[in-house]
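Colleague: Please take a close look at the salt bridges of this model, and set them in their surroundings step by step, so that a first-year student can follow.

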Amino acid sequence: MRQISIEEVLSLTKEEGVLVDLRPQEEFARGSIPGAVNILPEEIWNHPELWQGKKTVYLFCHTGKKSEECALDLEKEGYDVVDVEGGYRSYLRYTLSQFTKQEENLQERTAQIERSIIKKFRKPIWRRFTKAIKEYDLIQEGDKIAVCISGGKDSMLLAKLIQEIKKHGQIPFEAIYLVMNPGYNEDNWKIIQNNAKILGIPLTVFETEIFDVVAGIEKNPCYLCARMRRGYLYSKAKELGCNKIALGHHFDDVIETILMGMLYSGKIETMMPKLNSSNFAGMELIRPLYMVKEADIKAWRDYNDLHFIQCACRFTEHCATCGGDRPSKRDEMKDLIAQFRNTSDVIESNIFNSVRNINLRTVIGYHKDDWEYNFLDDYDKYRKDS
């Protein structure tokens with residue numbers, strides 16, 4: 001099977017071949033290699049016109065894995081096909097490297113991104129961000145906050161927002177932009193570093209071997225990985241003198257958690273805007289994007305033509321969120337909420353409000369720590385009083 005580098009792909013003309021993006025339509029719509037057409041792997045057999053005029057067809061997916069498999073299958077059937085080595089991720093790496101070579105352009109690009117937050121996205125992002133900080137008292141004078149960056153759109157935006165409020169806000173505090181490298185593959189690690197340069201975020205980096213540890217775990221590796229990453233982040237933040245860690249969970253994460261608790265755990269609970277750590281004394285977790293919707297984060301990303309890694313894990317080629325075939329419970333909640341949005345524009349807000357507007361007289365039972373209550377405990381007394 002033949003392969004071609006991304007540099008060679010970008011030098012091709014339309015007469016030399018057809019470039020086919022095998023990724024899902026949603027990913028293609030967010031950005032692709034210039035000149036590419038979008039066809040899913042299972043549908044490419046229905047497009048013999050691609051080879052009309054004896055053209056060569058160049059295939060790519062996100063990482064190069066699916067396109068390589070598809071190219072091998074087509075080649076066996078006699079089709080003239082070439083795999084783009086490294087896929088769309090190699091294109092992102094290449095374009096990001098071009099940006100960072102031009103320091104003056106880079107500074108202007110950073111300034112444009114900052115202006116977009118304050119101007120174009122002032123209402124959906126900046127105001128919701130500052131409202132959450134005020135309403136839940138997330139940042140206080142004298143805080144030293146470790147802003148935890150995974151490399152995705154949410155944590156990168158959070159870092160930029162913290163940087164902006166530190167620069168323009170009225171509360172004096174310190175911030176460290178903390179990145180843990182748990183064993184990223186080379187492409188993801190380079191994308192994280194280049195995006196930090198574009199956004200003007202100074203990174204504090206430390207290394208762990210978490211991915212190697214969980215590589216052999218078959219049952220719930222994601223759960224173990226998340227717990228280990230959280231523990232390492234707390235430890236490093238405390239070592240650096242921080243009293244808080246800030247994570248990039250947003251509004252959609254909150255309402256998805258509510259639904260998952262109800263549907264799969266039989267509980268009414270949610271992701272809290274802040275939490276005191278039970279294992280690290282004096283440390284607190286805060287979520288400043290608590291009121292910011294994911295759609296607005298995506299809009300900010302696309303408006304600024306930014307390209308972030310989809311997931312921190314190097315084993316996620318098989319998860320649905322990253323284009324694979326293993327849907328998670330959270331993926332199911334995302335799909336369910338998307339259906340709700342098509343039904344009504346108030347449902348997602350009502351899900352959010354359901355956990356802060358609970359009428360204890362209309363629930364069968366609740367508990368706090370070791371204390372439990374059942375409505376029968378004072379049912380007769382309540383009837384007499386009323």
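Modeller: What follows begins with the whole chain, turns to the salt bridges, and ends with a few residues elsewhere.

This is a predicted model, in which local features need pLDDT of at least 70 and side-chain atom pairs count only at pLDDT 80 or more, while totals for chains, interfaces and linings use all residues. Residues are numbered from 1 along each chain as its sequence is written, and side-chain values use heavy atoms, with hydrogens and water left out.

The chain contains 15 helices and 13 strands, the helices being DSSP runs of H or I with at least four residues and the strands runs of E with at least two, numbered from the N terminus. Along the principal axes, the C-alpha atoms of the chain fill a box of roughly 85 × 45 × 45 Å. The chain has 386 residues, of which 44% count as buried; buried means under 20% relative accessible area, exposed means over 50%, and partly exposed lies in between (1.4 Å probe, protein chains only).

Now to the part you asked about. A search of the whole structure finds 25 salt bridges, where a salt bridge is a side-chain nitrogen of Lys or Arg within 4 Å of a carboxyl oxygen of Asp or Glu.

A good place to start is Glu256, which sits in helix H11, a helix that covers residues 251-265. Is Glu256 buried or exposed? With a relative accessibility of 2%, Glu256 counts as buried. Glu256 forms a salt bridge with Lys334, and the closest N and O atoms of the two are 3.2 Å apart. Because Glu256 belongs to helix H11 and Lys334 to helix H13 (residues 329-343), this pair ties together parts that are 78 residues apart in sequence. Lys334 itself counts as partly exposed, at 26% relative accessibility.

Lys334 has another partner to consider, for its side chain also meets that of Glu294 in a salt bridge, with 3.2 Å from N to O. Here Lys334 is in helix H13 and Glu294 is in helix H12 (residues 294-303), so this pair ties together parts that are 40 residues apart in sequence. Glu294 is buried, having a relative accessible area of 12%. The picture then widens, since salt bridges that share partners join Lys153, Asp154, Asp253, Glu256, Glu294, Arg330 and Lys334 into one network. When you look at the structure, it may help to begin at Lys334 in helix H13, with Glu256 in helix H11 as one partner and Glu294 in helix H12 as another.

A further salt bridge, that of Glu239 and Lys236, lies within a single helix. The side chains of these two residues meet at 3.1 Å, again from N to O. Why are they separated by about one helical turn? Glu239 and Lys236 are three residues apart in helix H10 (residues 221-239), and that is why about one helical turn lies between them. Their accessibility is also worth checking: Glu239 counts as exposed at 60% relative accessibility, whereas Lys236, at 19%, counts as buried.

Apart from the salt bridges, Ile133 gives a view of how residues far along the chain are placed in space. Ile133 lies in helix H6 and is buried, with a relative accessible area of 5%. Although Ile133 and Met291 are 158 residues apart along the chain, their C-alpha atoms are separated by 9.7 Å.

Finally, there are two loop residues whose backbone angles deserve a careful look. Most residues other than glycine have a negative phi. Asp137, however, has a phi near 50 degrees, a positive value in a residue other than glycine. Asp137 is placed in the loop that runs between helix H6 (122-135) and strand S6 (144-149), and Asp137 is partly exposed, with a relative accessible area of 37%. Asp369 likewise has a positive phi, of about 55 degrees, although it is not a glycine. The loop that holds Asp369 is found between strand S12 (365-368) and strand S13 (371-374), and with a relative accessible area of 71%, Asp369 is exposed.
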